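Here is a short set of questions and answers for a first-year student. Look over the sequence and the model, then read on.

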Amino acid sequence: MFTKQSLKQNLKEMGIQPDDTLLVHSSMKAIGEVEGGADTVLDAFMEYLSDGLLILPTHTWFSMSEYHNVYDPRIEPACVGILPNLFMKRKGVLRSLHPTHSLAVYGRDSEAFIEGEENRTTPCQPGGSYDRLMERGGKILLLGVGHERNTFIHCVEEHLDVPDRLTKEPTYFKIVMPDKQIKPCFMHRHENSVTDHISENYKKLEQAFYDRHAAVKTTFGNAACILCDTKAIFEVTKDVLSHQINCLIELESIPKEWWQK
């Protein structure tokens with residue numbers, strides 16, 4: 001059985017620093033048995049990143065639609081697992097106002113990190129929180145999951161203006177603001193003419209990330225993990241897509257020479 005102290009030791013062994021900015025995509029089941037369960041896992045992250053910023057996605061893209069279009073960050077559950085749903089309810093944790101791709105944050109500059117998300121018009125728009133993650137030299141921990149859950153790559157694709165990624169017409173959402181006023185929002189959602197799950201293709205970049213030292217394999221409890229450097233992930237993805245902008249959809253595999261320096 002894993003303890004809070006052993007999990008904090010795992011974070012130290014990964015090379016994560018207490019003042020890092022860290023986004024965690026997670027599978028609680030993959031960690032194994034933890035003394036105190038999911039709350040202990042969150043305690044370990046929040047205590048270890050004592051001088052940093054901890055970020056967990058609290059996405060609602062699965063539930064939010066033209067038929068269920070009122071996003072209230074206080075009550076709308078996340079569709080990405082138990083840890084985000086517990087984390088966003090904790091004291092001191094803030095949740096962003098993005099209607100489909102919200103983030104919960106705790107720690108240094110948390111308010112500034114999520115500022116303005118109610119004004120975004122796409123899931124991972126340049127200038128938004130996923131961009132700020134890279135600007136801060138942030139890291140991403142894929143905890144028991146792979147790059148098919150690495151939402152940051154959506155942000156890279158938006159930067160590079162990859163075609164056939166977003167709906168032509170926006171969806172109308174209503175955001176419940178902190179003062180309980182309703183703010184209208186028009187959001188272009190993820191859509192592709194070939195596949196319903198664009199991010200499943202991100203796994204094709206896995207070896208490129210390892211070879212270019214943008215990601216390393218590590219562990220947290222029993223979970224096989226991938227620790228990513230956002231700036232390096234951006235550069236590798238940009239280099240690969242410079243050869244064929246929509247290659248992640250169009251090709252079964254990526255030629256190795258496309259990412260080799």
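**Buried helices and cores**

Reader: Is N85 buried or exposed?
Author: This is a predicted model, in which local features need pLDDT of at least 70, side-chain atom pairs count only at pLDDT 80 or more, and totals for chains, interfaces and linings use all residues. Residues are numbered from 1 along each chain as its sequence is written, and side-chain values use heavy atoms, with hydrogens and water left out. Buried means under 20% relative accessible area, exposed over 50%, and partly exposed in between (1.4 Å probe, protein chains only). At 18% relative accessibility, N85 is therefore buried.

Reader: Which backbone oxygen does the side chain of N85 reach?
Author: N85 sits in helix 4, residues 82-87 (helices, H or I, of at least four residues, and strands, E, of at least two, are DSSP runs numbered from the N terminus). At 2.8 Å, the side chain of N85 reaches the backbone oxygen of G81.

Reader: Why is helix 7 largely enclosed by the rest of the structure?
Author: Among the buried residues of helix 7 are F152, I153 and H154. What covers the buried residues includes helix 6, strand 6 and helix 8. Helix 7 is largely enclosed because the buried residues number 7 of the 8.

Reader: Which helix gives the most to the largest nonpolar core?
Author: A nonpolar core is a set of buried Ala, Val, Leu, Ile, Met, Phe, Trp, Tyr and Cys residues joined through side-chain atoms within 4.5 Å. The largest has 40 residues, and F152 and V240 are among those that touch the most other members. With 6 residues, the one that gives the most to this core is helix 9.

Terms used: Contact = heavy atoms within 4.5 Å. Polar contact = N/O pair within 3.5 Å; in protein donor to acceptor, adjacent residues only side chain to side chain.
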